[in-house]
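Hi there,

Here is the structure I promised to pass along. Have a look at it first, and then read on for my notes.

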Amino acid sequence: MAKKTMHAVQLTRHGDLDALVYRDDVPRPEPARGEVLIEVSACGMNNTDVWVRQGAYGTETDPDSVSTWRRGRSTLTFPRIQGTDIVGTVVAVGEGVPEARIGERVMVDFSLYNRADDSLADIDYIGHGRDGGYAEYTAVPSENAHVVDTDMSDAELATFCCAYLTGEHMLERARVQAGERVLVTGASGGVGSGIIQLCRARGAIPYAVTSRDKAEAVRGIGAEAVIPRESGDLVTAVDQATEGRPIDVVADLVAGPLFNDLLRVLRPEGRYTTAGAIAGPVVQLDLRTLYLKHLQLHGSSQGTRGDFRRLVGYIERGQVRALLYNTYRLSDFHRAQRDFMEKSYIGKLVVVPDRKWDEVGRPHAR
């Protein structure tokens with residue numbers, strides 16, 4: 001490890017893809033006290049990468065203004081190395097961390113909790129408040145680097161953290177129980193496809209909203225039935241799919257024009273939970289639907305330490321499987337993010353440092 005620089009993709013400003021610059025002279029980080037240095041072997045891609053690059057989070061008073069995650073109290077500085085779903089090997093440790101950790105293969109919990117308890121009031125994340133995994137090396141708090149007992153490849157393991165942790169917290173916030181029916185929008189994406197599996201892991205019954213051309217594949221990962229996104233009347237289509245049985249929870253990642261119909265779909269005293277709005281964050285709401293049906297609305301972002309522990313358990317027990325669609329070289333990052341934004345796939349895309357390509361980026365079954 002004599003070399004003091006590394007290859008990395010840096011976000012240099014808010015903007016289009018040209019704001020992302022692949023460099024070979026980025027200083028290699030050194031682990032501070034309580035940290036480990038990870039040689040990255042794979043890093044999954046997520047919507048937050050795109051929204052932060054675009055500054056698409058808006059503010060509470062101006063939804064169209066350029067603003068990053070946390071809306072007005074951002075910890076983002078430029079240049080920033082993004083990338084949350086980090087898998088790799090511990091190659092050095094900072095003061096206070098046992099040297100026995102060197103050599104461990106780890107999956108990184110990307111959440112920076114900033115508190116000793118599981119409160120999410122002051123949360124941040126790796127790839128935003130500090131550099132992440134679109135690089136050859138990254139330093140993270142030792143407590144965030146977890147050994148996972150699984151035979152999955154590094155690229156497969158890198159499909160889980162952000163999407164599945166987000167999905168697990170959505171279900172936990174809505175208190176989803178065994179036997180309940182959950183309607184999942186955006187079901188072919190990383191979070192949506194994860195929620196389908198996470199529902200099955202806790203004994204709930206997921207119904208998926210997705211496009212017709214993805215219906216068979218989404219059904220194959222555990223959806224009880226699929227409601228085509230192109231359905232003209234969502235409420236009727238859901239009722240037909242469930243054969244008249246009630247929807248207890250809506251797990252929504254789409255919002256936009258569907259929002260009010262999603263509340264109409266819910267049974268009285270049903271729960272709505274959201275962690276995304278890819279079809280539009282500003283929605284119309286008929287408050288009478290909300291109060292006359294005694295509905296609960298839950299906003300959700302990231303997850304807690306407890307959510308992460310449950311996710312690791314699901315992985316280790318084989319209750320969820322990796323939906324790895326494709327891998328890309330780090331040097332081909334622009335193409336990777338373009339493909340990510342097109343949403344023509346099911347599951348996850350993963351970026352691999354060029355030096356690890358022959359080891360990690362091998363062809364795989366889709």
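Below is what I found, going from one helix to one strand and then to the core.

Please keep in mind that this is a predicted model.

Let's start with helix α9, which covers residues 305-316. Its 12 residues reach 17 Å from the first C-alpha to the last, close to the 16 Å expected at 1.5 Å a residue. How many of its residues are buried? The count is 9 of the 12, so α9 is largely enclosed by the rest of the structure. The buried ones are Arg305, Gly306, Asp307, Phe308, Leu311, Val312, Gly313, Tyr314 and Ile315. If you would like to see what they pack against, colour β5 (105-108), β9 (145-146), α2 (154-157), α3 (161-173) and α4 (190-201). Just after the helix comes Gly318, with a positive phi of about 75°.

Next, have a look at strand β3, residues 35-44. Here 10 of 10 residues are buried, so to speak of a mostly covered strand is fair. Which strands does β3 pair with in the antiparallel sense? Here they are, each with an example to click on:

- β4 (residues 85-93) pairs with β3 over 8 bridges, and Ala92 in β4 is the bridge partner of Leu37.
- β8 (residues 137-141) pairs with β3 over 5 bridges, and here Glu39 has Tyr137 as its bridge partner.
- β17 (residues 348-352) pairs with β3 over 2 bridges, with Val350 of β17 standing opposite Gly44.

Now for the nonpolar core. The largest one has 97 residues, and those touching the most other members are Ile38, Met107, Tyr134, Phe160, Ile195 and Ile315. Helix α3 gives the most to this core, with 7 residues. Where does the core lie relative to the domains? Domain 1 (5-159 + 322-364) and domain 2 (163-299) both give residues to it, so the core lies between them.

Met107 is a handy place to zoom in. Leaving aside neighbours within four places in sequence, Met107 is in contact with Phe308, Val312 and Ile315, among others, and these three are among the buried residues of α9. The other contacts of Met107 include Ile86, Val87, Asn144, Ala145, His146, Val148, Leu157 and Phe160.

There is also a second, separate core of 19 residues, which includes Tyr207, Ile247, Leu263 and Leu266.

Happy browsing, and do write back with any questions!

Best wishes

Note on methods. Residues numbered from 1 in each chain as written. Predicted model: local features only at pLDDT ≥ 70, side-chain atom pairs only at ≥ 80, totals over all residues. Heavy atoms only, no water. Helix = DSSP H or I, 4+ residues; strand = E, 2+ residues; numbered from the N terminus. Expected span 1.5 Å × (residues − 1). Buried < 20%, exposed > 50% of the residue type's maximum accessible area, 1.4 Å probe, protein only. Contact = heavy atoms within 4.5 Å. Pairing = 2+ DSSP bridges. Core = buried A, V, L, I, M, F, W, Y, C linked by side-chain atoms within 4.5 Å. Domains from an automatic or database assignment.
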